[in-house]
Every structure is written in C-alpha cells, then in structure tokens.
Amino acid sequence: MPFTPPPIPEDEAERLADLQSYGILDTPPEQVFDDLTLIATAICGTPMSTLTLVDGERQWFKSRVGVDGEGDPRDVSFCAHTVGPRETLVVEDAWRDSRFAENPLVLGKPHIRFYAGSPLVTERGHVLGTICVLDREPRRLREEQVAALDALSRQAMQALEYRRHNRRLLELDAMKDEFVALVSHELRTPLASIRGYVEELLEQTDSMTETQRRFLAVVARNGARLNAIVDDLLLLATAQAGKLDLHPEQFALFELAQEAIESNLHLADSLELEAAGDSRLVVEADRTRIGQVVDNLVSNAVKFTADGGAVRVCVSADGEDAVIEVADTGAGIPAAELPLLFSPFYRAAGATNNGVPGTGLGLAISKAIVDAHAGSISVTSEVGKGTTFRVSIPR
Amino acid sequence: MSDTPLILVADDDADLRALVAYRLESAGYEVVQAVDGQQAVELAFERAPDVVVLDLMMPKLDGYEVARRLRADERTHSVPVLLLTSRSQERDVAAGFDAGANDYVTKPFSPAELQVRVRAMLARPS
C-alpha cells in the first residue's frame, strides 16, 4: 500500500451537515483567517500554513500561506486524518511515516516532509478541518508551539462561530422583512373589502332598522381599529428595522406643540391645554414623524388626565439638543411600570382597567421614531401628581 | 361604440374586484374584470379601456409588469392606470410610477375616493 487514505468517520453525514451550516466553503479570503495562518507560520517557523476545511470529497483552503491551489482530493489530505481522532496530528518526517511516505503531496508538490495540524472542533463535536503548518524539511515542534497551534485552532473556531451567528442574524432579519411585507399585503386586502363594503352599506342605511345601523357602526369602528393596528405594526417594524424614510426639514418645534394641542382639543373639553417655551427654536427633523410623536404624547396625556386637570407642552433648548416635554396632572404611573412603557403592546394597568382605547403601540412607535433621529425619549412620573414625557433630538 | 366609459378592473381578490366593479357600475361606467395580470393585459389589448384599475400584487404578472406592457403597446400606451397598492412605502409607490402608473390608492381605500380618482382620470386629456 503506497499510502493510507484518511478514514471516514462514522458520523460523516452529521459532520458534513455541520460543516455546511457554517456556509464557509468556496467563500473569498477573509482577513481574520489569513491573520491566523500568518501567525501559525510565525509561531512554528514554517514556510507554509493552511486553514483547511475537509469536505466530502476534497479539502479546501479558506486561507493559505506558501501553498498554491484551492485544495486537494480528500484521499491525499493530511488534515482529513484528524477528522476521526479529533486530535492534533504531528508528522515530523513524512518519509519515515508509512501512512504518508508515498502520498502524492509528499512525492510531488508541495513536497511535504513535516506536518502539524490542530483540528477545528465544533460545539457539536465534529471536526471541520484544521489549521496546520507544513515544511519541506523534517522538523520537531516544541511543546509550547503545539499548544499555540491548538490555541489558534480554537481562535479559528470562534471566528467561524461568530461568522455563522452573523449569517443567521442576517437571515432572520430578511425573514422579518419578508413577514412584514406579507402581513402588509395579506391583511390589507381583506381589510379593504371590509372597509369598502361597509362604506357602501352606510349609504343605504335608510332601509335598515335602528339595530342594524348600530351594529353596522360597530363593524365599521372595529374595521378601522384593525386597520390602525396593522398600520402601527408596519410602521413599528419599519422603524425598528432602521428603514423609516425620513424627510428632514427645518421648522420651529413649537408649531408641533400647538398642532398637537389643537388636534386633541375635541377630546379635552374640561382640561386646560397649553403650549409654552421657546417658540423660535428651530430643529432639522422629519416634521411629520416628530409631529406624530408629539401628538401621541399629548393624546396619551389627555386620555389619562381627569376633568379639571392640565396638559402642558413645553419646548426648550438643551445644549445641542432640542427638547419637547409633555407634562400632565393625571393619575401618574407606578415606578414599576415605567421601564415597560416603551415595549410594543404594553398597556398601562390604568388604561386596561379604565377602558382607555389604544393599540399599545404608540409609545413603542414614538421611541422608534425618536431613535431614528438619534434622539432619546424618557419619562418621569409620580402617582397622584402626574407624568412628564421628555423627547430630546439633535438640532 | 357607446359613449359609456369602459373601465378595466384587475384584482385577484374576488370580493375586492366585485366591490370596485359595483361602485364604478353604480356610477354609470361599463366595467370588465380581470382575475390576474395576464388576463388584464389580454383584455386591455382587446377592449381598449378608458381607465385601468390595477392591483399591484397579482399572480402570473404583477401590476408593475402589466403597467409596463400596457405602456409598451400602441393600443394601450396612453391609457390612464390607477394602482391599488397594499404597500404604502414610498419606494413601492415610486416603482409604480416608474412602471407607468398615473395615480394610486392605498388599501384599504374608500370606494368613493376611488370613484373620484377614476372620474378625474377620465376628464384628463390623454
């Protein structure tokens, strides 16, 4: 027998599946792996090093120093000998080792005499390949050089895990975008039918009984509510994905305070609403989106403030930032609930108990919009005294 | 040839298609319906409608592709196209205009508003 081909391990199918999951085969060179083979040659004093992955029929070099070609058939691979034993393989002189003496890589290019390879072992215990060093002369490694080679193989494995993790996150992100697009279409089409047919019916209420009219109004209201939830969800997903289209323009922040108060006046007959502060403070931001945030905060304040109370919107400058605060004299929020307020679908206990309407998405959306402006949103509250929301955005 | 304007309504959702057809027929227009993009193109070439109401997401050919084919054929190159879109993202709307649409409404839309837009398109000199 001229040379010993590497044995195929029992768990080869699982090992190959594990290898595939890293998505590393036939990818371009990457700095992190090239650095490791470079360090390996320096530590071991060899002219050659490769980071080798052992595929079903071949070995493939993710990184190589002093070695030509993309890889070799698995039959002649030195590295593949580590796949079964999962141990570092050192061949000090291939000419004197019956397994390798007549291996084509020994007899011909690259004329291997010396080989040391440390296996890349996955979390699941499979060997993907090695980081190895090679020489055309016989050689002996000191104990600490072998230990350092093993350390490099652990580093390489960590880089591979990190790389796989990143790939997975990108995949999940793409799946989320796809899901949002799907929801957008699949929910809106039936909603369009509900809204449209209800609208047609609402033009024919003359022939309906009072009860029918009342029930139809309920269907219309809930259709609109469902639509608002879908809109909010899509907006939140878009903003959280960093894909909100912002149209920055210059405007006086005070205008938004006034507009938010005006649009909530009809809900606040017996409340005192007031805009205050610097009426000339100009910011550069997406006017519509920030307006949405202020409107949301004012509408929340109005909902949670009892008759006779007050809601005050105040604009001020704070260094490089512009600040808009919405303060109410409402019921206040218990300290334990404050950190949860900006989570999607969180609804304050007070809101649920008192039947205050809302999707539980308003503050999550507000936060996402403010975040998209590189700003911040925070809240302070005292039960029985009132609540203040503070939005700060760069000017 | 009658003077009644002919509207082609293309949407794969039967309920929505019937809703749009009902509203436009009630307004006195003649309506032909297509259940997918392929049929929309064929009917448009055959009947030369005065306005095409086109759903964006359809099987076989999507609304973008239908709009492009209508613009590319001399029988339909100037027919006004109103897109029904479930996507309100600006880039989708922009892609619709690029494909040759003249206007759009976002689902869920008001049938009354759709009717007004169709009327405006019919009044526009082509």
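A short chat about the A–B interface and an aromatic cluster in a predicted model follows.

User: Ground rules first?
Analyst: This is a predicted model: local features need pLDDT of at least 70, side-chain atom pairs count only at pLDDT 80 or more, and totals for chains, interfaces and linings use all residues. Residues are numbered from 1 along each chain as its sequence is written, chains are lettered from A and ligands numbered from 1 in the order in which they are written, and side-chain values use heavy atoms, leaving out hydrogens and water.

User: How many residues of chain A are in contact with chain B?
Analyst: 19, against 21 residues of chain B. Contact means heavy atoms within 4.5 Å.

User: And how much area do they bury between them?
Analyst: About 1800 Å², 48% of it on carbon and sulfur atoms. Buried area is the accessible area (1.4 Å probe) that two parts lose on being put together, summed over both. H185(A), R188(A) and E200(A) supply 28% of what chain A buries against chain B.

User: How many salt bridges between the chains?
Analyst: Two. A salt bridge puts a side-chain nitrogen of Lys or Arg within 4 Å of a carboxyl oxygen of Asp or Glu. R23(B) and E200(A) form one, at 2.8 Å, N to O.

User: New topic. Which rings link into a cluster?
Analyst: F78(A), F100(A) and Y115(A). Rings of Phe, Tyr and Trp (its six-membered ring) pair if their centres lie within 6.5 Å; planes under 30 degrees apart are stacked, over 60 edge-to-face, the rest tilted. F78(A) and F100(A) are stacked, 4.2 Å centre to centre with 15° between the planes. F78(A) and Y115(A) are tilted, at 5.2 Å and 45°.

User: Are F78(A) and Y115(A) buried or exposed?
Analyst: Both are buried, meaning under 20% relative accessible area; exposed is over 50%, partly exposed in between (1.4 Å probe, protein chains only).
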